[in-house]
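Q: I'd like to take a close look at one part of this protein with you. Could you walk me through its interior?

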Amino acid sequence: MSGEGSSRSLGDHQQPPTPSRYESQKRRDWNTFGQYLRNQRPPVPLSQCNCNHVLEFLRYLDQFGKTKVHLQGCMFYGQPEPPAPCTCPLRQAWGSLDALIGRLRAAYEENGGTPETNPFASGAIRVYLKEVRECQAKARGIPYKKKKKKDQQGGKGSSSSDQSSSPPIHFS
């Protein structure tokens with residue numbers, strides 16, 4: 001336990017900087033997805049993973065969700081603040097899934113995957129997320145409004161209307 005400067009500086013060089021919250025979450029998500037693939041019967045090697053595996057993973061995660069999503073037959077369907085409890089399922093919130101896919105997409109490429117083969121960047125994933133977003137918005141009685149409608153009210157320039165024509169989920 002000497003106070004030599006050399007031992008302290010040696011320690012400083014050996015410890016990598018603390019990863020950001022985003023980097024830590026991305027690593028946890030990547031490890032969780034890898035574990036999910038290994039637990040499949042038969043196990044799925046990452047090299048054979050496709051968008052169907054990703055969609056199954058997203059559906060699997062719903063069982064751990066905390067967002068009440070009313071079913072169409074529920075008396076509270078379409079009510080933003082239902083007055084009583086119901087038996088409708090809890091799901092993952094759209095925003096959580098969207099963020100998760102963004103982190104997994106980045107992690108895939110950081111771990112040697114190519115953008116061309118990235119299953120998290122698949123059009124099927126974008127469609128699924130869009131359907132989840134719209135379904136959850138309707139179930140809460142808050143229909144999703146595209147930016148285009150906002151532009152019609154404000155009537156400003158074409159830059160924001162250009163945004164509304166692009167997919168709402170950005171993978172680049």
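Which residues touch the most other members of the largest nonpolar core?

A: Happy to. Please keep in mind that this is a predicted model. The largest nonpolar core has 22 residues, and those that touch the most other members are Phe33, Val54 and Phe120. At least two residues of this core come from each of α2 (21-39), α3 (51-61), α4 (94-110) and α5 (123-139). The biggest contribution is that of α4, which gives six residues. As general background, nonpolar side chains in soluble globular proteins tend to be buried together.

Phe33 is a good place to zoom in. Beyond its neighbours within four places in sequence, Phe33 is in contact with Leu46, Cys49, His53, Val54, Phe57, Leu104 and Phe120. Val54 and Phe120 thus appear again, this time as contacts of Phe33.

Phe33 also takes part in the packing of α2 against α3. The axes of these two helices are 11 Å apart and meet at an angle of about 105 degrees, so α2 is roughly perpendicular to α3. On the α2 side, the contact is made by Thr32, Phe33, Tyr36 and Leu37, while α3 brings His53, Val54, Glu56, Phe57 and Tyr60. Sorted by class, this contact between α2 and α3 has six nonpolar residues, two polar ones and one charged one.

For another view, turn to the loop between α4 and α5, where Pro115 lies. Pro115 has a relative accessible area of 49%, so Pro115 is partly exposed. Its C-alpha atom is 8.7 Å from that of Arg105, with the two residues ten apart along the chain.

Definitions and conventions:
Residues are numbered from 1 along each chain as its sequence is written. This is a predicted model: local features need pLDDT of at least 70, side-chain atom pairs count only at pLDDT 80 or more; totals for chains, interfaces and linings use all residues. Side-chain values use heavy atoms; hydrogens and water are left out. A nonpolar core is a set of buried Ala, Val, Leu, Ile, Met, Phe, Trp, Tyr and Cys residues joined through side-chain atoms within 4.5 Å. Buried means under 20% relative accessible area, exposed over 50%, partly exposed in between (1.4 Å probe, protein chains only). Helices (H or I, at least four residues) and strands (E, at least two) are DSSP runs, numbered from the N terminus. Contact means heavy atoms within 4.5 Å. Axes are lines fitted to C-alpha atoms, for helices over the stretch in contact, and angles run from 0 to 180 degrees between N-to-C directions. Angles under 35 degrees count as roughly parallel, over 145 as roughly antiparallel, 65 to 115 as roughly perpendicular and the rest as oblique. Ala, Val, Leu, Ile, Met, Phe, Trp, Tyr, Cys and Pro count as nonpolar, Asp, Glu, Lys and Arg as charged, and the others, Gly among them, as polar.
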